[in-house]
Amino acid sequence: SFVFFMALSKYLFFNQIIEAMHAGGDRVKEEILTNGPTALSDIDTFESLYGAGNDSVFFGLNTLLRDYENRVDELCNNYPNGPYIPDYKKKDWFFAHLAGTTPNMGEDPLPPGFGDKMSLMAQKLLAGQKEHAERYRQTVASVLRKKSFDVNRARSRGLITNIIDLMDRLKERSVAIRDLKPDNMFIARRIDGADHILANPEKFKLGLIDLETSLCFKTGQKDDLPQPLLAGTPSYATPSHLFSNRILKRLYGDDLSRIFYMQDWYACVGMIFNIVTGRLLFAKTARLIPEIIRIKKASAKKKGRIADIYKNISWRFWDSAITEFRRKIKKYHEQFCAIEIDLPDHLIELLIEEAALEQQLIGESLNALLTSNRSLEKYRKQIMAAPHAAIVKNRKQWQEGRVHPELPSGTREIGRAHV
């Protein structure tokens, strides 16, 4: 045991870096307050700020502004000797309301209660015609996201490179962290506003904290690994985080080191997505983790069925994770294609080795499954040689009995869970 004291306040945590890269709300508010009044000067100015093809947003916002100005005038007329509000001030107030801030009423005296009545009027107006206001906010947010992405592209490359390098170093040291996430990582270098340092992966390293779930495994200990803490953060955890070594060995064999190592790769993929988009990759799938914990507790007395329960839970989890992964990668395809990373040779070798090993392990697992089932064994060579697309295409027909109807229904359930 040891205690290592660090002045962590000197460093930025990974989640702080990502939040700063993708901060949206404050920037949208600042953009609306700063450039909104100028943007409505004419259509050319508006499109120079927010891009061509937004004329309907411009005219809709102008309509909303004129309505706001008319209502401010009506409010002024309700007071004897009502105040005169110049057009430029009405416009400033209007964009303050759009930004969700309190308008600066200025130094000129206004009738008692005027500001409160005006704010209430603006709330009702924006609620009643929220389409124009919301389209403008969405336009501003979209433009700022693109600008932010262009600025942060080099930083993303540096951060992603060092995350993959971290995986390489963990593998070299036979360590699985098992709770990798941005909150538990920090930039091991003082930046002091020089964010450009993040673009160069050689200028900084990633530090780790909260290692209570981690595990160190050496070659000679693969069949007798200590039981790690059964825990994880839902957005970066898998079902294998929550079940004991005894259960995992029944399903995956004595060597669990690969399972623990792949837990960190799952988190790594999620963090890379988070860097590029500012969003969680497995947000929907993460909601299954509390349910898995509940099912596990409810099934604690059914010791003989716990392995079957894990299989069903795992299938649901990975089906959800794969679906969510494909959907979001498709949605953010453009952003990912815009980032080209020149990885150092040792990391390229790592990815090639990992892909080849996974392909080998999947092949061995499928071969063992087919060999162990008499009904499937005679089709083993045919299935093993078939491309993935062909298997997916014919799987539904196979499960429904339209292909090889002589196979028992239990075999078709195996196909649903494993193919």
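**Figure 1. Helix 9 spans residues 257-277 of this predicted model.** Helix 9 has 21 residues and reaches 31 Å from its first C-alpha to its last. That is close to the 30 Å expected at 1.5 Å a residue. Is helix 9 mostly covered or mostly uncovered? It is mostly covered, with 19 of its 21 residues buried. Just after helix 9 comes G278. The phi of G278 is positive, near 80°.

**Figure 2. The whole protein sets the scene.** The protein holds 18 helices and four strands. It has 419 residues, and 40% of them count as buried. Now take the contacts with a separation of 6 or more: residues 24 or more positions apart account for 70% of them.

**Figure 3. Helix 3 packs against helix 7.** Helix 3 covers residues 43-50, and helix 7 covers residues 130-172. Their axes lie 9 Å apart, at an angle of about 45°. That angle makes helix 3 oblique to helix 7. Which residues make the contact? Helix 3 supplies F46, L49 and Y50. Helix 7 supplies Y136, T139, V140 and V143. By type, the residues of this contact are six nonpolar and one polar, with no charged ones.

**Figure 4. The largest nonpolar core has 34 residues.** Three of its residues, Y68, L98 and Y136, touch the most other members. Several elements give two or more residues to this core: helix 2 (25-39), helix 3, helix 4 (55-77), helix 5 (87-99), helix 6 (114-128) and helix 7. Which helix gives the largest share? Helix 4 does, with nine residues. Apart from this core lies another, of 33 residues. Its members include F149, I163, M271 and L350.

**Figure 5. Y68 and its contacts are shown in close-up.** What does Y68 touch, once its neighbours within four places in sequence are left aside? Its contacts are K90, W93, F94, H97, M118, M121, A122 and L125. Y68 is also one of the three residues that touch the most other members of the largest nonpolar core.

**Figure 6. K117 sits in helix 6.** Is K117 buried or partly exposed? It is partly exposed, because its relative accessible area is 48%, and the partly exposed range runs between 20% and 50%. Leave aside its neighbours within four places in sequence, and K117 is in contact with L75 and Y79. K117 and L75 are 42 residues apart in sequence. In space, their C-alpha atoms are 8.1 Å apart.

**Figure 7. S174 has a positive phi.** The value is about 55°, although S174 is not a glycine. Where is S174? S174 is in the loop between helix 7 and strand 1 (175-176). Its relative accessibility is 18%, so S174 counts as buried. The cut-off for buried is under 20%.

**Figure 8. R178 also has a positive phi without being a glycine.** Here phi is about 70°. R178 is in the loop between strand 1 and strand 2 (185-187). Does R178 count as buried or exposed? R178 counts as buried, because its relative accessibility is 1%.

Technical notes: Residues are numbered from 1 along each chain as its sequence is written. This is a predicted model: local features need pLDDT of at least 70, side-chain atom pairs count only at pLDDT 80 or more; totals for chains, interfaces and linings use all residues. Side-chain values use heavy atoms; hydrogens and water are left out. Axes are lines fitted to C-alpha atoms, for helices over the stretch in contact, and angles run from 0 to 180 degrees between N-to-C directions. Angles under 35 degrees count as roughly parallel, over 145 as roughly antiparallel, 65 to 115 as roughly perpendicular and the rest as oblique. Contact means heavy atoms within 4.5 Å. Ala, Val, Leu, Ile, Met, Phe, Trp, Tyr, Cys and Pro count as nonpolar, Asp, Glu, Lys and Arg as charged, and the others, Gly among them, as polar. A nonpolar core is a set of buried Ala, Val, Leu, Ile, Met, Phe, Trp, Tyr and Cys residues joined through side-chain atoms within 4.5 Å. Buried means under 20% relative accessible area, exposed over 50%, partly exposed in between (1.4 Å probe, protein chains only). The expected span of a helix is 1.5 Å times one less than its number of residues.
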